[in-house]
Amino acid sequence: MSVSLEHYLVVSAVLFGIGLWIALAKRNAIIILMGIELMLNAVNLTLVAFNRFVTLADGRPALAGHVFVIFVITVAAAEAAVALALAVSVYRTRSTVDIEQIDLLKR
Amino acid sequence: MDGFGVTAAFWGLSALAVGSALGIMLARSLLHAVLWLILAFAGLAGLFVTLSADFVAVAQVLVYAGAVGVLVVFAIMLTPNSQTGNSETRMVGPGLFVASVVSGIMVYIATQTDWSTAARGDFPATALEIGTALTNRYLLPFEVASVLLIAAMVGAIVLVRAARDEPERRELAGEGEGEVNTAEAAGREVVAAGSHGGH
Amino acid sequence: MNVLANWWDLRSLANPVNGLLGWLRDKGWDEIAYIVSGSIGAAAIGLFLGVAMLALIWVERRVIARIQIRRGPNRVGPQGLLQPVADAIKLMQKESLTPRLGDKWVFWLAPLLLFIPTVLTLGVVPFGDGMTVADLNVGVLFIIAVGSVMPLVVFMAGWSSNNKYSLLGAMRTIAMVLSYELPAVISLLSVVVLTGSMQLGEIINFQKDHNTWNVFLLPLPFAIYLIASLAEIGRSPYDIAEAESEIVAGYHTEYSGMKFGLFYAVELANALIIGGLFAVFFFGGWWTYYLDVIIPSWVLFFVKMLLGYWLFVWARGTVPRLRIDQSLKFSWQFLVPMGLLNVVLVAFEVALWYQLDAPGIILAPFAVINWLLTAGLIVGYVRLLKLEHTQTPRRLTLTEDVGIVTHVPAPSAAGYSAAGGSPA
């Protein structure tokens, strides 16, 4: 059997689900960030798969998917840098990155 | 295009990516979780190769497995007290429920929709075409992305910068401090103010 | 690669392989040809790595001994040639210790994973005319990407040892590799901009077509890449992370037996590969001014590769070790700005070249301009940073650099002991 677009989409959906689960259920802020990165990666997989299997109307190869993935990677890298810096600076003031203990606004 | 090799690679790499992603959830140690994450990124890069997206695959390895992986490792080393546990909150059950519902809806849509796919020959060299597209049609987003990167870099430096007079933490992250100081040295001219809003 | 090449033409070892594959395809055995080509590539890389390791240990020890006016290993076999075999047997016999509180799996995996970047990089290196396992069209980026995984493996090794010296050594190595990755990438960017391709084969073809080596056109990227790659593979003078005479052995402190041997072997292999990449990027790869018509191209490539490696050994034998802050400062304050300036310069020249639609001879004035500008940039930048005085040894320069001792008025009679004993 050959690999079709649906296969990639299903893999991507499963990865997205796992990333969402990590982001929702974990206690450590850095691990939550990792879940978000995983979700972004799942979306990247979808974009590349569509780019591979769908052709433009005039028959030219589509490139928008690849270009979009490049931008997503760029933004994700920037996001990772800022979010991890936030985690480090939260740690400096609160001595923890446990999201359940960072609850100053609830009190 | 789909020989036996591509099919086998797809199933193997998918299993690798999904398994490693579950590994992040199940790992007991934070560092193991990071290693699983990097393995998942590597598996995804392999999946990109099976989609004949060579440039994106290499960029994935470079940025995610390399740069983001090292960043996360440094972040974990710089927050040492929380180093041991990778535990969950109470939300583990509800989180699994929400995630499976979202995932199930997406799987349902993906399998039920009649995608108008077209078989296409292999994409021999995407690097040149991506470069051309980035400097012509997508020039404005490209420039905006570079501005974003600068802003993120400066922001990250400002956030983690230690004040001059504050004694620095030197637990496990001995040389990690050295790294931060290097980043400071690089950005010293652009950073004017200190960072300690919290104090 | 010449299409009409005969299978017995050993100037490129690709010819017999292609002859064999063509014969298999003629028989209609496409799958077998597929498998055979893959196995030949893997076997070639494996054989190369194995032979290179054994040879390099001997070369390294003998050359270092020459530099230090010793004899080096000369007892086992003729001229000590069998010494690497003896070393390997000794390492295999040693007990392979695992720290009890360490992370057993990660500790085990790290030395094995360290081989992956090395082997993958070898896959894109053109060993001769057409002798590449996979000439990727994103080859340069591939090499950088594969190399960027290295710090993580180093971290795995250092962290899983559950030893603070290992962890500190790993962190130092990572800080060093990250700081020097940037200048290395920037200097390769100059090469890519000039040659207009990221494919290693095309980079060689550019040099062949224009009858030049890139080193004549890009002296500054060559120097930057030399320094940065030295630091990236952690060789002297950038081996502070594992400085064996000052701190314990860095991230592989806890490793013993063959696992330590693997770290050592990967270090040697990386040095050799960097030598090969030098040849590809700056010295024309296998192409050597028509010499490759007579001498097999792969012999030329190996000679260049070994010369590059010998340069590293030379540096190890002669250049004193840098402190971690000195080396990081040098990267960020000197190499990165120089590299960026050079990229802009090269891009401008290439744009001019395409704009004028000029013949290839225009590269000659570019070379002159680049050499002059390189000299000017280095001298000017050194003046700007006021670095020149650190070269002339004065009293207390070491402590002045760190900022511990700002200034001690030289006592006229007491000399060094008084000044050193009481820092102001």
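**Core and chain contacts**

In this predicted model, the largest nonpolar core holds 192 residues. Those touching the most other members are I30(A), M34(A), L84(A), V34(B), V58(B), V72(B) and A75(B). Two chain contacts are covered as well: chain B with chain A, and chain C with chain B.

**Nonpolar core**

- α3(B) gives the most to this core, supplying 20 residues.
- Within chain B, domain 1 (1-86) and domain 2 (138-193) each provide at least three residues of the core.
- V72(B) is in contact with I30(A), M34(A) and L84(A), and also with V34(B), once its neighbours within four places in sequence are left aside.

**Chain B with chain A**

- This contact takes 77 residues from chain B and 65 residues from chain A.
- On the chain B side, at least two residues come from each of α1 (4-26), α2 (30-50), α3 (54-78), α4 (92-112), α5 (126-135) and α6 (139-160).
- The side of chain B that touches chain A divides into 54 nonpolar, 19 polar and four charged residues.

**Chain C with chain B**

- Here 26 residues of chain C are in contact with 25 residues of chain B.
- On the chain C side, α6 (139-147), α7 (150-160), α8 (164-195) and α15 (324-356) each supply at least two residues.
- α8(C) gives the most to that side, with eight residues.
- The residues of chain C that touch chain B comprise 22 nonpolar, three polar and one charged.

Notes
Residues are numbered from 1 along each chain as its sequence is written. Chains are lettered from A and ligands numbered from 1 in the order in which they are written. This is a predicted model: local features need pLDDT of at least 70, side-chain atom pairs count only at pLDDT 80 or more; totals for chains, interfaces and linings use all residues. Two residues are in contact if their C-beta atoms, placed from the backbone, lie within 7 Å. Helices (H or I, at least four residues) and strands (E, at least two) are DSSP runs, numbered from the N terminus. Ala, Val, Leu, Ile, Met, Phe, Trp, Tyr, Cys and Pro count as nonpolar, Asp, Glu, Lys and Arg as charged, and the others, Gly among them, as polar. A nonpolar core is a set of buried Ala, Val, Leu, Ile, Met, Phe, Trp, Tyr and Cys residues joined through C-beta atoms within 7 Å. A residue is buried if 20 or more other C-beta atoms lie within 10 Å of its own, exposed if 12 or fewer, and partly exposed in between; C-beta atoms are placed from the backbone. Domain bounds come from an automatic or database domain assignment.
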